[in-house]
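Q: Please look over the model below with me, beginning with the way two of its helices are arranged.

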Amino acid sequence: MANSPNPPWKTAWVVGASTGIGRDLAIKLAQLGVEVAVSSRSAEKLQELSKEYENIEAFELDVTDSGSVANTHQRIIENFGSIDLAVLNAGVWHPMTVAEFDVERCRQSMDVNHGGITNALQALLPGMLSRNAGHIALVASVAGYRGLPKALAYAPSKAAVISLAEVLKLELETTDIDVSLINPGFVKTPMTSVNEFPMPYIISSDDAAERILKGLKRRKFEIAFPWQLVWSLKFLRILPYSLYFPLARRLTHGS
Ligand SMILES: NC(=O)c1ccc[n+]([C@@H]2O[C@H](COP(=O)([O-])OP(=O)(O)OC[C@H]3O[C@@H](n4cnc5c(N)ncnc54)[C@H](OP(=O)(O)O)[C@@H]3O)[C@@H](O)[C@H]2O)c1
C-alpha cells in the first residue's frame, strides 16, 4: 500500500520536481523516509521544498544540458551513496495546431521530454548496471499512444518516451533493475492550466502522485490513469487508421 512503511528505496532522484506531479511525488517519498534529491531549473522552488523537508535536497538542473545532468548525478551519488529510484519527470507542453507550427517548440519538446530522459539514463545506467540494482521510472503521457489534435510538438516526444521505456524494459530484463513507464491522463498542474479545451476525468496532482507511488511500490511496468481515459485511448490505439481518424476527430471535437 502506498502509505505502508519501509518503501523499497532508501534514496530517490525526482527530476522535474519544482511543481505539479514531481513536487507532490517528492513530498510523498520524503514523508515515507526516503532521502530525495529534487531537480529542475527553478532553484528557489526547490530550496523551499528542501527547507520544509529535511530529507529533501535541491539540485538545480536543466535536463537538456547533458554535462550538467552528469555533474548533478555525480553530486547526488557523493551525497547519497547511490540512487535507488530515479523518476524522470521533467516535461513541457506546448499546445500547437498546424497554423501555429513552430519548429523551435517542437525541438524543445523533444529536447526536454525525451532528451532530458536520455541524458539522465546516460548518467544513471553505468552505476545501476554495476550494482545490478535500481528502479528507473520514465514519465510519458497517454498523449503518446496515438496522434491527437493540438499535440504536434508534445505527442511525438511522449511516443518516443513510451518506445524508449519498452526497449529499456527488454534490455534490462536479465538484470535486477526495474523499469516503469508512467502514462498520466489529465492532471491539474501548472502545465494544464493553459488548456482551454475540456479535460475529461482530470485529477489532482496529489492524487496522481499517490497513484504513481502505489504503482512504483508494486514495481509495475506501466502506471497509467485514470482508467476511463486510458482504456478509451488504448481502444483507439488498436483501431486501423480508417476507423481511428474519424473517431478521434469526433471524440475530440472542440479540442
Ligand atoms: N499534467 C498533465 O495532465 C500531464 C499528463 C500527462 C503527462 N504529464 C507529464 O507529467 C510530467 C510532469 O508534468 P506536470 O503536469 O507536473 O507539469 P509541471 O507542473 O509544469 O511540471 C513540469 C516539471 O518539469 C520541469 N522542467 C521543465 N523543463 C525542464 C528542464 N529543461 N530541465 C529541468 N526540469 C524541467 C519543471 O521545472 P522548472 O520549470 O523549474 O525547470 C517542472 O518541475 C511531465 O513530463 C508531463 O509531460 C502531465
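A: In this predicted model, local features need pLDDT of at least 70, side-chain atom pairs count only at pLDDT 80 or more, and totals for chains, interfaces and linings use all residues. Residues are numbered from 1 along each chain as its sequence is written. Helices α4 (residues 103-131) and α5 (residues 154-171), each a DSSP run of H or I with at least four residues, numbered from the N terminus, have axes 8 Å apart at an angle of about 10°, where axes are lines fitted to C-alpha atoms over the stretch in contact and angles run from 0 to 180 degrees between N-to-C directions. Because angles under 35 degrees count as such, α4 and α5 are roughly parallel.

Q: Which residues of α5 does α4 meet?
A: Contact requires C-beta atoms, placed from the backbone, to lie within 7 Å. From α4, the residues S109, M110, N113, H114 and I117 take part, and they meet, in α5, Y154, S157, K158, A160, V161 and L164.

Q: Which element gives the most to the shell around the ligand?
A: The ligand is surrounded by 30 residues, with G16, G20, R41, S42 and G91 the closest; a residue is near if its C-beta atom, placed from the backbone, lies within 6 Å. Two or more residues come from each of α1 (20-31) and α4. The element that gives the most, with three residues, is α1.

Q: How many helices and strands does the protein chain have?
A: Strands are DSSP runs of E with at least two residues. By these runs, the secondary structure of the protein chain comes to eight helices and nine strands.

Note on methods: Angles under 35 degrees count as roughly parallel, over 145 as roughly antiparallel, 65 to 115 as roughly perpendicular and the rest as oblique. Two residues are in contact if their C-beta atoms, placed from the backbone, lie within 7 Å.
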